[in-house]
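Thanks for coming. I have a few minutes on one structure, so please look at the screen and I will go through the core and then the strands.

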Amino acid sequence: MRHMQHALQLATHARDAENEVPVGAVLVQDGEVIGLGWNRNITLHDPTAHAEIQAMRAAGEKLSNHRLSGATLYVTLEPCSMCAMAMIHARIGRVVYGAADPKTGAAGSVFDTLIDARHNHRVEVAGGLMAETSATLLRDFFRARR
């Protein structure tokens with residue numbers, strides 16, 4: 001719960017400090033936070049700068065390793081296909097997400113990318129942790145932009 005609360009703080013930071021879509025991510029391994037991320041694709045002019053990717057990049061640098069075996073990623077929104085494939089390549093052990101994404105979710109809502117048997121690695125998925133808080137943050141952000 002505390003890691004998802006931290007991810008929600010990062011999502012709020014994305015919204016307030018950078019006017020980004022409010023998504024935050026916290027990557028944890030053996031009880032230690034190894035990577036933090038929030039959406040920065042507008043700020044960095046980078047379509048790959050999603051919260052999950054930012055957290056994995058930070059962890060990879062911290063650990064000097066592209067493999068993040070067994071780590072758990074807490075993210076406020078269900079990952080997209082790009083982020084899901086990056087998690088598979090990084091060998092993330094588990095993803096815990098808040099709000100489901102009925103348009104592009106790749107953790108069960110639209111695609112089952114993370115658990116697809118055709119991949120050489122599968123990521124355990126748990127969704128719905130603090131889902132309403134995450135969904136409200138996103139809904140309010142998009143409502144304010146319209």
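Let me start with the largest nonpolar core, which has 30 residues; those touching the most other members are Leu27, Met56, Leu68, Leu73, Met87, Ile92 and Leu114. Six elements each give this core at least two residues: strands S1 (24–29), S3 (72–77) and S4 (94–99), and helices H3 (51–63), H4 (81–90) and H5 (131–145). Keep in mind that this is a predicted model. As a general point, nonpolar side chains in soluble globular proteins tend to be buried together.

Take Met56 as an example. Which residues is Met56 in contact with, leaving aside its neighbours within four places in sequence? They are Leu27, Leu68, Cys83, Ala86, Met87, Ala90 and Ile92. There is also a second core, separate from the one that holds Met56. This second core has seven residues, among them Met4, Ala7, Leu10 and Tyr74.

Now the strands, beginning with S4. How many of the six residues of S4 are buried? Five are, so to speak of S4 as mostly covered is fair.

S4 pairs with S3 in the parallel sense, over five bridges. In that pairing, Leu77 stands opposite Ala99 of S4. To get from S3 to S4 the chain passes through H4, and this β-α-β crossover is right-handed.

S4 is also joined to strand S5, residues 124–127, by four bridges, and these two strands run parallel. Here Val96 has Ala126 in S5 as its bridge partner.

That is what I have; I can take questions now.

Terms used:
Residues numbered from 1 in each chain as written. Predicted model: local features only at pLDDT ≥ 70, side-chain atom pairs only at ≥ 80, totals over all residues. Heavy atoms only, no water. Core = buried A, V, L, I, M, F, W, Y, C linked by side-chain atoms within 4.5 Å. Buried < 20%, exposed > 50% of the residue type's maximum accessible area, 1.4 Å probe, protein only. Contact = heavy atoms within 4.5 Å. Pairing = 2+ DSSP bridges. Right-handed = clockwise from strand over helix to strand, strands pointing away.
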